[in-house]
Amino acid sequence: MKYQSQKVALAYFYVAMGLFAIQVLGGLLAGWVYVSPNTLSEAVPFNVIRMIHTNALIVWLLLGFFGATYYLLPEEAERELFSPMLAYVQLAILVVGTLAAVAGYLIGIHGGREFLEQPLWVKYGIFVAAVIFLVNVSMTALAGRKTAITNILLLGLWLLSLLWVFAIINPVNLGLDKLYWWFVVHLWVEATWELVMAAILGYLMLKLTGVDREVIEKWLYVIVSTALFSGILGTGHHYLWIGTPGYWQWTGTIFSMFEVVPFFAMMSFAFVMVWKGRKNHPNKAALLWSLGCSVVAFFGAGVWGFMHTIHGVNYYTHGTQVTAAHGHLSFYGAYVMLNLAMITFAMPVLRGRAPYNQVLNMVSFWLMTSGMAFMTFTLTFAGVVQTHLQRVMGMTFMEVQDQLGLFYLMRFGAGLAVVVGALIFIYSQLVVRREIIDPGPVAVPGE
């Protein structure tokens, strides 16, 4: 570790991993409710379990992004953070807001907007934390060396923070409400978060492969340009059925078809960098997560998104388990795996050790990735059956749910594998195995 202020990232990673555990356990419980619908129906209704599952996901991913930024920015800018104290204040605000939101959900207090259920005062708190973050990282970057990695990272972070304003605005008109809602939900994960992903993945490739910075920067600019080109107007594939003008059907469809391009570029980028690389980095687990991130993101966000983004198909599949399949694999591949790659790379450095528990870490990779792949296929088949029975044959929603019980049981089994893998990953990061220290030659009496 070159800069003392990088230690700020350690606190963010700890909290992120704690929320990661809550998120996957909440998801497992939600998966079981699909199998046995009356489970905890009085104590903790399904909508509350789902809110905790999705909100914990979003918050821990953001904390991972913030921690990654605080870790890599001093190295890229070649200076200490502007204010480590501000970073800790920001973390405290986010933690208090998250705990307050969850407590509110458990007693029925929430905003009601899907994924943006946080009470209004919590949303203002998150906005304050975002402003603190932007001031801190911008002052650091402006006073130090400018690189493509920091430029792209800050662009993505500034845009995602500013888009949060639309989470606070809640229009009375339902069509306008959905328009603003997608400004956050879509433009976060399919535009600004992609910039953050590209920057962090570029940093990891720089450190893990030894490829020249100039080569990485050229790739990054290509990825960013395609991500913004496709992602912004690609928002239109969410406008198909919310009362917006008809031209959004073709605009959304055409530009959404291009959204596969930046993810294919990221996958190609990662493998080309490893192929060109000349560094035999000891942290093989971090490299595995980085490559896995690019591959699974391509299939989850790219291929599975493409499968039902065309409006003629989306007319039937929208809101079915096909959407759930795409959502799970894309979030896992693009952002969960990215954060786990960064944590795997940074934690040994932050704790002053060589990479440790790599075998366990890699076991967690294969468990989680295999479980998520099986879950995706299960939900895809369930979605196809649901689409045909409900949207084509005209069966009622609950009649169709009765036909999907086997799929939900298999999905729960896959989720169990993901949870076990996640807990193994957290263990591999927090519990350092005892190392045998060679005492050196032993003096023999009389010699």
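A cavity here is a set of grid points where a 1.4 Å probe fits but cannot get out. Keep in mind, too, that what you're looking at is a predicted model. With that definition in hand, the structure holds two cavities of 30 Å³ or more.

Before stepping inside, let's look at the overall fold. The UniProt record, an unreviewed entry, annotates residues 13–431 as "domain: Cytochrome oxidase subunit I profile". Across residues 13–431 the chain is 80% helix and 0% strand, and the C-alpha atoms at the two ends of that stretch sit 14 Å apart.

Now for the largest cavity, which offers about 90 Å³ of space. H2, H3, H4 and helix H5 (148–163) each give two or more residues to its lining, with H4 providing the largest share, four residues. Among the lining residues you'll find Phe 66, Gln 90, Phe 127, Ser 161, Trp 164 and Trp 188. Sorted by class, the lining comes out as ten nonpolar and two polar residues, with no charged ones.

The second largest cavity has a volume of about 50 Å³. Helix H13 (321–350), helix H14 (358–392) and helix H16 (405–430) are the elements that give two or more residues to its lining. The lining includes Asn 283, Thr 344, Pro 348, Tyr 356, Asn 361 and Gln 429. Here the split is four nonpolar and six polar residues, and again no charged ones.

Next, an open space. The second largest pocket contains about 360 Å³ and is lined by 26 residues. Nearest its centre lie Leu 19, Asn 55, Val 59, Leu 94 and Thr 98. Leu 94 is worth a second look, as this residue also lines the largest cavity. Two or more lining residues of the pocket come from each of helix H1 (8–35), helix H2 (46–77), helix H3 (84–106) and helix H4 (120–143). By class, the pocket lining has 22 nonpolar residues and four polar ones, and no charged residues.

Finally, let's see how one pair of helices packs. The axes of helix H7 (residues 174–209) and helix H11 (residues 284–307) come within 10 Å and cross at roughly 145°, and the crossing is left-handed. On the H7 side, the contact is made by Met 197, Leu 201, Leu 204, Met 205 and Leu 208. These meet Ala 286, Leu 287, Ser 290, Cys 293, Ser 294 and Ala 297 of H11. Counted by class, this contact between H7 and H11 has nine nonpolar, two polar and no charged residues.

Methods: Residues are numbered from 1 along each chain as its sequence is written. This is a predicted model: local features need pLDDT of at least 70, side-chain atom pairs count only at pLDDT 80 or more; totals for chains, interfaces and linings use all residues. Side-chain values use heavy atoms; hydrogens and water are left out. On a 1 Å grid over the protein atoms alone, a cavity is a set of points where a 1.4 Å probe fits but cannot get out, and a pocket is an open set with protein on both sides within 12 Å along at least five of seven lines; lining residues have an atom within 4 Å of a point. Grid points are joined across faces, edges and corners, and a volume is the space filled by probe spheres set on the points. Ala, Val, Leu, Ile, Met, Phe, Trp, Tyr, Cys and Pro count as nonpolar, Asp, Glu, Lys and Arg as charged, and the others, Gly among them, as polar. Axes are lines fitted to C-alpha atoms, for helices over the stretch in contact, and angles run from 0 to 180 degrees between N-to-C directions. A crossing is left-handed if the near helix is turned anticlockwise from the far one by less than a right angle, and right-handed if clockwise. Contact means heavy atoms within 4.5 Å. UniProt positions are given in the numbering used here, feature names are shortened, and annotations may be inferred rather than shown by experiment.
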